[in-house]
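Student: I should like to learn how the terms used for a protein model are justified. May we look at one together?

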Amino acid sequence: DEIAERGPRHEARVVCLARIKTDAAQAALFGFKTGAALFHSLIVHLENGVPIQVEDRLVNPESAPGYLDVDFSRTTPTNYLLEAAPLSEARYTIESLLPAEQEAKLLGISRRDPCLVLKRLTFSRGVPVTHVRLTHPGSRYLLQGRFET
């Protein structure tokens, strides 16, 4: 939506869309036992053909059971999840970090290029729905926003 508002062309490349079993850290995020099922998606977002974001997302299957059936080249996970499990709370951090090896490769940058990384855990009616890590190359991304009441 941010890209479309500015006018350039948005494209999403789905790298992974799968059901996984949680490791201890993933389970802790959702309050699950290790080995519980989660959905995992890894999507690269491009602006006019240039990678600007790696979206690495875990989703609670009970909150969004149709997640694996969605064509994320046509809609975003955020749009789908807001319909499936309306947002009631979000907790987030924003950091400047070096990219992980896979992130650097997907973004076409060096492992030494700083990135803006947003991590967000969202809830619907007190239930954890999704945890996402959004990694943006610092040289290609500007965090901006607007809020009105």
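**Terms and their evidence**

Tutor: Let us begin with strands β4 and β5, which run antiparallel and are joined by nine bridges. This is a predicted model, in which local features need pLDDT of at least 70 and side-chain atom pairs count only at pLDDT 80 or more, while totals for chains, interfaces and linings use all residues. Residues are numbered from 1 along each chain as its sequence is written, and side-chain values use heavy atoms, with hydrogens and water left out.

Student: What makes β4 and β5 a pair?

Tutor: Two strands pair if DSSP finds at least two bridges between them. Nine bridges join β4 to β5, so the requirement is met. Within this pairing, Ser-96 stands opposite Leu-116 in β5. Strand β5 also pairs with strand β6 (residues 127–137), in the antiparallel sense, over 10 bridges. There, Leu-118 stands opposite Leu-134 in β6.

Student: How do you know that β5 is largely enclosed by the rest of the structure?

Tutor: Seven of the 10 residues of β5 (residues 115–124) are buried, so the strand is largely enclosed. Buried means under 20% relative accessible area, exposed means over 50%, and partly exposed lies in between (1.4 Å probe, protein chains only).

Student: Why is the contact of Arg-57 and Glu-55 called a salt bridge?

Tutor: The term requires a side-chain nitrogen of Lys or Arg within 4 Å of a carboxyl oxygen of Asp or Glu. For Arg-57 and Glu-55 the N to O distance is 2.8 Å, so the contact qualifies.

Student: Are these two residues buried or exposed?

Tutor: Arg-57 has a relative accessible area of 2%, so it is buried. Glu-55, at 3%, therefore counts as buried too.

Student: What makes Glu-11 and Arg-13 a salt bridge?

Tutor: Their closest N and O atoms are 3.4 Å apart, so they meet the limit of the definition. Glu-11 has 27% relative accessibility and therefore counts as partly exposed. Arg-13, at 44%, also counts as partly exposed. Together with Arg-9, these residues are linked in a network of salt bridges.

Student: How many salt bridges does the structure hold?

Tutor: The structure holds seven salt bridges.

Student: Why is Ile-94 called partly exposed?

Tutor: Ile-94 has a relative accessible area of 39%, which lies between the two cut-offs, so it is partly exposed. Ile-94 lies in strand β4 (residues 89–97).

Technical notes. Helix = DSSP H or I, 4+ residues; strand = E, 2+ residues; numbered from the N terminus.
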